[in-house]
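Subject: Structure handover

Hello,

Here is the structure we talked about handing over. Please load it first, then read the notes below alongside it.

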Amino acid sequence: MARKAPREDVTEDDLKVGPPKEWAAGMPGVTRSLLASHAQMGVGRTLLTLVRVNQKEGFDCPGCAWPEGEHRSPAEFCENGAKAVAEEATTRRVTRDFFAGHTVEELAGRTDYWLGQQGRLTEPMHKPAGSDHYVPVTWDEAFAIVGRELRALGGPDEAVFYTSGRTSNEAAFAYQLMVRRFGTNNLPDCSNMCHESSGSALNQTLGVGKGTVSLEDLHRADLVFVVGQNPGTNHPRMLSALEKAKRNGARIVAVNPLPEAGLLRFKNPQRPSGVVGRGTTLADRFLQIRLNGDLALFQALSRLLLEAEDAAPGSVVDHEFVRSHTHGFEEWAKSVRDLDWADVEEATGLERPAIEETVRDVLGARSVIVCWAMGLTQHKNSVATIREVVNFLLLRGNVGRPGAGVCPVRGHSNVQGDRTMGIFERPAEGFLDALREEFGFEPPRRHGLDTVAAIRALRSGEAKVFFAMGGNFVAATPDTAVTEAAMRRARLTVQVSTKLNRSHTVCGEQALILPTLGRTERDGDRFVTVEDSMGLVHASRGRLRPASPDLLPEVAIVCRLAREVFGADPHVPWEEFEADYDAIRDRIARVVPGFGDFNARVREPGGFALPNAPRDERRFPTATGKANFTVNALEVLRVPAGRLLLQTVRSHDQYNTTIYGMDDRYRGVSGGRRVVFVHPGDLAERDLADGDMVDLVSEWPDGERRAEAFRVVAYPTARGCCAAYFPETNVLVPLDSVAETSNTPTSKSVVVRLSRCAPGGG
Ligand SMILES: Nc1nc2c(c(=O)[nH]1)N[C@H]1C(S)=C(S)[C@@H](COP(=O)(O)OP(=O)(O)OC[C@H]3O[C@@H](n4cnc5c(=O)[nH]c(N)nc54)[C@H](O)[C@@H]3O)O[C@H]1N2
Ligand SMILES: Nc1nc2c(c(=O)[nH]1)N[C@H]1C(S)=C(S)[C@@H](COP(=O)(O)OP(=O)(O)OC[C@H]3O[C@@H](n4cnc5c(=O)[nH]c(N)nc54)[C@H](O)[C@@H]3O)O[C@H]1N2
Ligand SMILES: [Mo]
C-alpha cells in the first residue's frame, strides 16, 4: 500500500485512469452541467439561473472572460460556466453554527473541495486574537475592527489590498479609490499570477496591455494559433468561435505539450449536428512543443519567413507597415537570422520539417491571429516569449487590420476590467493625475507591492494588514508553506468572499470573513458592469434572491469601510456611491479614458467597445510612438539529468482553487487529483510504470520542496515534461522563481524529480 496523501478526500482506490478523450464539449458536457446544477440548486432555480447567463438582460457568467458575440444563442453558457453558476447559486449555507462546530485549525486540515462544498457564507465572522474559532460580528463591528487596525499602522504601506478578477468595474473603481485615498498603491491582484506577462510585453511593444482583436476578427482570420491554452476546459465558448472561423476557411495550429481534447476535436452542443457524429476537427496542425519552447518556436518561424523574403523579395515582409508603423526591425531581423537550429530543436523538441510546414501555413494566410493563455505567461522568459509573438505578427503587418492581431485570452470574468479601473500596483502617472483632478486629493505615487512582493512583505513583517477583495490568496499563490507562514504573521487578515476557502483558515492573528453577493444575485435594483477579454463593456444584473439577508454587495463593503476610516470625507461621496452606482460610473467616465457617457452607453443593448489604438487606428502609444520590434535572447532551459519540467494545470472539474469535483473527463482521470502525467518513455528511463506512487520533489537553490504521494499516469505529453494539478502542486513553485519583468510565478516550469514512495510508508 502506498501511503495516504495529505488533505485528500478520496482514497487511492477511488482514483480511476482511462484513456484521454480526443474531443470536447458534446452532449455529455451539457448533461453533466445540468446534473451539477441540479445537485446544488434544485430544478426551478437551475432553469431560472441558466437561462439568464450571458443574455443581454442577464448576468455575466462568472466562469471566464470570453466575449458573448452579437448573436447570442438561447443557451450562451458552457458546461463549466454552468458549474461556476451552480457553485455560487448553491442552496447550501455556512452558518454561525458551522463555525461553532469547527476550529480554524480543523478547517485548515480540510481539502479545498470539502471547504467549497460547505456552501455560501451567510454573515460576517470574526476570529479574535488568540482564539481558534470564528464568532459572529455585526457589520459595524467588523468595519470598526478593520479601521482600528489600519489606523494603528506605522504607515499606509503596511497594508496590502488584494483583488481577484470577479469584482465589477464599480466595486473595483471604488476599492482602488479607497486604497489610494488611504495612501498606498499596494494593490496586488490575481493578474500578477496570470496575464501580467502579456500586459508587460504588449505595453512595451504595442503600447496597450490588452489584446487587439474582436470576436469578428477571430471569425474571419485565415490562420489562428492557439498557444499554451486549453480552451475545451477553460474557455469552452471559444471553441464555437474557432469552429466558426474554420467554417469560414481558417486553419488552426495548436501549440501545446499536451494533446488537449478541445484543441483536437469539438462537438458543438448548440447545434444538432454537434450532438451526434464526429464533430469538427479543430486543429489542422498540432505542434507538441516542450514546455517553455515557444520563444524558440516563434523565432524560428520568423527566421524562416525572413529566408522566404530573401528568396522572393517583397513577397513576405509587409514593408509598408514595417516602415511606417514599427521601430527596430533591422536589429531584430539580424538577431533572428543568427538563430541556431540546434538550439531551436532542443528547446522546442520539434523537428525542423514541422516548423517549415507551419511556415507554409503562415505564408498562405493573409491574416493571422495568435491566441494564448497560461502556457505562455507563467515561465521565467514569458515576457520575452510574448514579445517574440508580437515580432512574428508585426513582420507581416498582422496587427491592426481585420482578422489579425494578438489575443491573450483572459481568465476571471472581469480581470481585464479591474485593471482598466486602476487595480494595479504600478499605476500610470496619467491615471493618478486624473484621480487628483476629479477628487482633489493627492494619490500616492510610490509603486506598491505585487503578489510576490506582498508575500515577502508579510513574511518579513513589513506588511501587517492583508485585505482581499475576493479570491483565495493562500491557495492560489506559489510556495504554499512559505505563503501560509507569511499570512499567519499578519496582525489582521480580511477576506471578502462568497464561499469558504483555504484563505479563511490560514489567517492572521485576527481574521474577518465579510460575505458578499455573487454575480447571480439581486443587488436591489442596481446593476454592475464588466469588461470582457476583447474590451467590450456591458451590464450584468443578478436575479436570484441573495444567499442570506446579511450579505452586502462589494461596493457597500468598500464604501462603509471608507466611511469608517475617513469619517466625513470632503473628497469622495461614499454614501452616495453605495446607494447609486450611476454616481460611481459618472466619475469613472471622467477618470478612465474611453468611458465617456458611460451611463448612457452601457444601457444600450450589448454595451459598448472600448477604444483600442492599435486595432482601431494602427496607432501605437509606446515610448517610440511606433510598434516596437524587440530583440530577445534565446536561452534554452536545460533540465538537469534525471529531472523533468513540471507544469501545474487545471483539471476539467475546477475553477482555480475551487474544486467542483473529481472528474478530469477529457484526460481520463476521475475519483482523485493527486496524479502526475508523464511520457511513457520518460517513465521507462526511470524504471517507473503507470500506477506507481511517487513524491514530486522540486529543486531550488534555497532547498527542496516536496509534494507527497502522486500516482503516475503514463500520458502522451511532450518528452522531458510532466503535468500535475494546481493548487495541490503550488507547494513546489518557489516564491523566488518568477518571470523576468512581470514577476509572475513560474507555475508552468518547475524542475522536479520523481521520487518513488517508500512502500507502506507513513
Ligand atoms: N473551467 C474553468 N475555466 C477557467 C478557469 C478554471 O480554473 N476552470 N480559470 C480561469 C483563469 S483565471 C484562467 S487564467 C484561464 C486559464 O486557462 P488556461 O491557460 O487554458 O489554463 P491552464 O490549465 O493553466 O492550461 C495551460 C495550457 O497551456 C499548456 N502549456 C503549459 N505550458 C506550456 C508551454 O510552455 N508552451 C505551450 N505552448 N503550452 C503550454 C498546457 O498544456 C495547458 O493546455 O482559464 C479561466 N477559465
Ligand atoms: N500553480 C499554479 N498556481 C496558479 C495558477 C496556475 O496555473 N498554477 N494560476 C494562477 C491564476 S491564472 C490565477 S487568476 C490565480 C487565481 O487566484 P484567485 O483569484 O485568488 O483564486 P480563485 O480560486 O479564483 O478564488 C476563488 C474564491 O473567490 C471567492 N469569490 C468567488 N466569487 C466572488 C465574488 O463575486 N466576489 C468576491 N468578493 N469573492 C468571490 C470565493 O470565496 C472563492 O473561494 O491563481 C494563480 N495560481
Ligand atoms: Mo487567471
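In this predicted model, six strands make up an open sheet. Their order is 5-4-17-16-15-6, and the pairing is mixed. Strand 5 (135-136) and strand 6 (159-163) are the edges. Each has a single partner strand, so one side of each has no neighbour in the sheet.

Strand 6 runs parallel to strand 15 (residues 465-469), and five bridges join the two. One pair to look up: Ala 159 has Val 465 in strand 15 as its bridge partner.

Two helices are worth displaying with this sheet. Helix 7 (residues 139-151) lies across strand 4 (125-127), strand 6, strand 15, strand 16 (492-497) and strand 17 (510-515). Helix 7 runs at about 135° to strand 17. Helix 28 (residues 554-566) also packs on the sheet. Helix 28 touches strand 15, strand 16 and strand 17, and its direction makes about 150° with that of strand 15.

Next, ligand 1. Which residues come nearest to ligand 1? They are Asn 256, Glu 260, Asn 292, Asp 294 and Asn 656, out of 33 residues around the ligand. The shell divides into twelve nonpolar, 17 polar and four charged residues.

Polar contacts of ligand 1 to check:

- Met 374: a polar backbone atom is 2.9 Å from an oxygen atom of ligand 1.
- Gly 375: a polar backbone atom is 3.3 Å from an oxygen atom of ligand 1.
- His 379: a polar side-chain atom is 2.8 Å from an oxygen atom of ligand 1.

How much of the accessible area of ligand 1 does the protein cover? On its own, ligand 1 has 930 Å², and 99% of that is covered. Four elements are listed as giving two or more residues to the shell: helix 11 (231-234), helix 20 (374-377), strand 22 (644-649) and strand 23 (654-655).

There is another open sheet, with three strands in the order 18-19-20. Its pairing is antiparallel. Strand 18 (528-531) and strand 20 (608-609) are at the edges, and each pairs on one side only. Strand 18 and strand 19 (residues 536-540) pair over four bridges in the antiparallel sense. Thr 529 stands opposite Ala 539 of strand 19. Helix 8 (residues 169-182) packs on this sheet and touches strand 18 and strand 19. The direction of helix 8 makes about 90° with that of strand 18.

Now ligand 2. Its surroundings comprise 29 residues. The closest are Tyr 162, Ser 164, Ala 476, Glu 554 and Thr 657. By class, the shell holds nine nonpolar, 15 polar and five charged residues.

Polar contacts of ligand 2 to check:

- Arg 166: an N or O atom in the side chain is 3.2 Å from a nitrogen atom of ligand 2.
- Gly 471: a backbone N or O atom is 3.2 Å from an oxygen atom of ligand 2.
- Asn 730: an N or O atom in the side chain is 2.9 Å from a nitrogen atom of ligand 2.

The protein covers 96% of the 940 Å² of accessible area that ligand 2 has on its own.

Two backbone details remain. Where is the cis peptide bond with omega of about 5°? That bond joins Phe 726 and Pro 727. Pro 727 is in the loop between strand 30 (721-725) and strand 31 (750-756). The other detail is Asp 687. Its phi is near 60°, a positive value in a residue other than glycine. Asp 687 sits in the loop between helix 33 (680-685) and strand 28 (693-700).

Best regards

Notes
Residues numbered from 1 in each chain as written. Chains lettered and ligands numbered in written order. Predicted model: local features only at pLDDT ≥ 70, side-chain atom pairs only at ≥ 80, totals over all residues. Heavy atoms only, no water. Pairing = 2+ DSSP bridges. Contact = heavy atoms within 4.5 Å. Axes fitted to C-alpha atoms, helices over the stretch in contact; angles between N-to-C directions. Near = heavy atom within 4 Å. Polar contact = N/O pair within 3.5 Å; in protein donor to acceptor, adjacent residues only side chain to side chain. Areas by Shrake-Rupley, 256 points an atom, 1.4 Å probe, with all protein chains shown as cover. Nonpolar A, V, L, I, M, F, W, Y, C, P; charged D, E, K, R; others polar.
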